[in-house]
Amino acid sequence: MPEVVRLDAPLGARIEGLERSQALSTDVAALLDRALADHLLVVIPGAPMTPEQTRDLSLAFGEPRPQLLRRKRANDVPEVSLMVSTLMTDGTTDKTVYRAEDWHTDDSYFEIPAKATLLHSIEIPGRGGATWFCNMHSVYDALPEATRRHIEGRRAIHGYDTPRARSRPAPRSPQETAETPDVEHPLVRTHPVTGRKGLYLNPNRLDRIVGLPRAESDALLDELTEEARKPKHHHGHVWRKGDVVVWDNRATMHRVVNDYPENEPRIMHRVLLKGERPV
Ligand code: OGA
Ligand code: MN
């Protein structure tokens, strides 16, 4: 059996001794999926794979589902998206790169957000471009008791776009818009596997807290986000070509640091895994 080695960090584990093609045996898949819930981030080193192999590995963590933006889907394997985050000097840099510079959790604008995201590096720049992760259980635990009481049971509106986002998202097609009305989620989420509570925040998509005047909602969201921005909750993953990194969107946020050289390819395969309604 592969070994789950906890990182010396607020979250994350590295999987050692895994033959990726054996990840779908029942025992190994259960070990990987449990490691995800316990450590919120798992890193599986190895060589670059085909989109088919990436999709197959993702099955260890659940059910892959095609992501919203059609133009990013890999042609033959719709569950795998091709994410090009190369910084282009000719102005053609994909907008998602700038969006991902701020802390976020993937897919929170859906009623049923993705449980986890799998990212697999195909090409990485010579330096920089780390992806940082934030443990939202530890953020919740660090809040003052009075704040935790104040937010208990409160709900918040997430949307594809909000004026609160530091960088606004790419336009949707009419079909994509119809598929993404605003949704409401609890502000405090209970992890369905471990039962731990976590703050369910997304500065990129979170518009307002239900039942509070806008100014009060903005101030509270800012206060909560401030705790999440503290480095004591964070771990940065420095990519090696071929890494597979899976993060648990139910209890983490992540961001990319756009500090890598221009015109050096940064190309990833990405799979979103079907989740459950946040409670
Ligand atoms: C993502 C994302 C960050 C990165 O794929 O959801 O935020 O480092 N990626 O590419
Ligand atoms: Mn993301």
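Okay, one definition before anything else: when I say a residue is around a ligand, I mean that one of its heavy atoms lies within 4 Å of that molecule. And please keep in mind that this is a predicted model.

So, which residues are around ligand 1? The list is Ala100, His104, Asp106, Leu119, Thr131, Trp247, His254, Val256, Arg266 and Arg270. Three of those come with distances to oxygen atoms of the ligand. For Arg270, a side-chain N or O atom is 2.8 Å from an oxygen of ligand 1. For Asp106, the matching distance from a side-chain N or O atom to a ligand oxygen is 3.1 Å. And for His104, a polar side-chain atom sits 3.2 Å from an oxygen atom of ligand 1. How much of ligand 1 does the protein cover? On its own the ligand has 290 Å² of accessible area, and the protein covers 92% of that.

Now, some of those names come back at the metal. What are the protein donors of the manganese ion, ligand 2? They are His104 through NE2, Asp106 through OD and His254 through NE2, and they lie 2.1 to 2.2 Å from the ion. Along the chain, the spacing of these donors reads H-x1-D-x147-H. The two histidines come from distant parts of the chain, 150 residues apart: His104 is in the loop between helix H3 (95–99) and strand S6 (116–123), and His254 is in strand S15, residues 252–256. Both His104 and His254 are buried.

Let's stay with His254 for a moment. Its relative accessibility is 4%, so it counts as buried. The His254 side chain makes a polar contact with the side chain of Trp247, at 3.2 Å. Leaving out neighbours within four places in sequence, His254 is in contact with a long list, including Asp102, Trp103, Thr131, Trp132, Phe133 and Asn249. His104 and Asp106, the other two protein donors of the manganese, are also among the contacts of His254.

Right beside Asp106 in the numbering is Asp107. Asp107 sits in the loop between H3 and S6, and it has a positive phi of about 75° although it is not a glycine. Buried or exposed? Asp107 is at 7% relative accessibility, so it counts as buried. Compare Asn263, in the loop between S15 and strand S16 (267–273). Asn263 is another residue other than glycine with a positive phi, near 70°, but at 42% relative accessibility it counts as partly exposed.

On to another histidine, His158, which is in strand S8, residues 155–158. Its relative accessible area is 0%, so His158 is buried. The side chain of His158 makes a polar contact with the side chain of Ser108, at 2.8 Å. Beyond its neighbours within four places in sequence, the contacts of His158 include Tyr109, Asp182, His185, Asn202 and Arg205.

Next, helix H1, residues 26–39. Why do we say its length agrees with expectation? At 1.5 Å a residue, the 14 residues should span 20 Å, and the end C-alpha atoms are indeed 20 Å apart. Within H1, the buried residues are Val28, Ala29, Leu32, Ala35, Leu36, Ala37 and His39. What do they pack against? Strands S1 (3–6), S2 (13–16), S3 (41–44), S6 and S14 (244–248). Just after H1, Leu40 takes a positive phi of about 70°.

Two more residues and I'm done. Ser217 lies in helix H7, residues 214–228, and at 0% relative accessibility it counts as buried. Not counting neighbours within four places, Ser217 is in contact with Arg208, Ile209 and Leu212. Ser217 is 46 residues from Asn263 in sequence, and their C-alpha atoms are 41 Å apart in space.

And then there's Leu143, in the loop between helix H4 (136–142) and helix H5 (145–151). Leu143 is at 5% relative accessibility, so it counts as buried too. Setting aside residues up to four places away, Leu143 touches Arg148, Ile151, Leu199, Leu224 and Glu227. From Leu143 to Asp8 it's 135 residues along the chain, with 23 Å between their C-alpha atoms.

That's my tour, thanks everyone.

Methods:
Residues are numbered from 1 along each chain as its sequence is written. Chains are lettered from A and ligands numbered from 1 in the order in which they are written. This is a predicted model: local features need pLDDT of at least 70, side-chain atom pairs count only at pLDDT 80 or more; totals for chains, interfaces and linings use all residues. Side-chain values use heavy atoms; hydrogens and water are left out. Helices (H or I, at least four residues) and strands (E, at least two) are DSSP runs, numbered from the N terminus. Buried means under 20% relative accessible area, exposed over 50%, partly exposed in between (1.4 Å probe, protein chains only). Contact means heavy atoms within 4.5 Å. Donors are N, O and S atoms within 2.8 Å of the metal (3.2 Å for Na, K and Ca); water is not among the atoms, so sites may look incomplete. A polar contact is a pair of N or O atoms within 3.5 Å; within protein, one must be able to donate a hydrogen and the other to accept it, and residues adjacent in sequence count only if both atoms are side-chain atoms. Accessible areas come from the Shrake-Rupley method with a 1.4 Å probe; for residues, only the protein chains shown count as cover. The expected span of a helix is 1.5 Å times one less than its number of residues.
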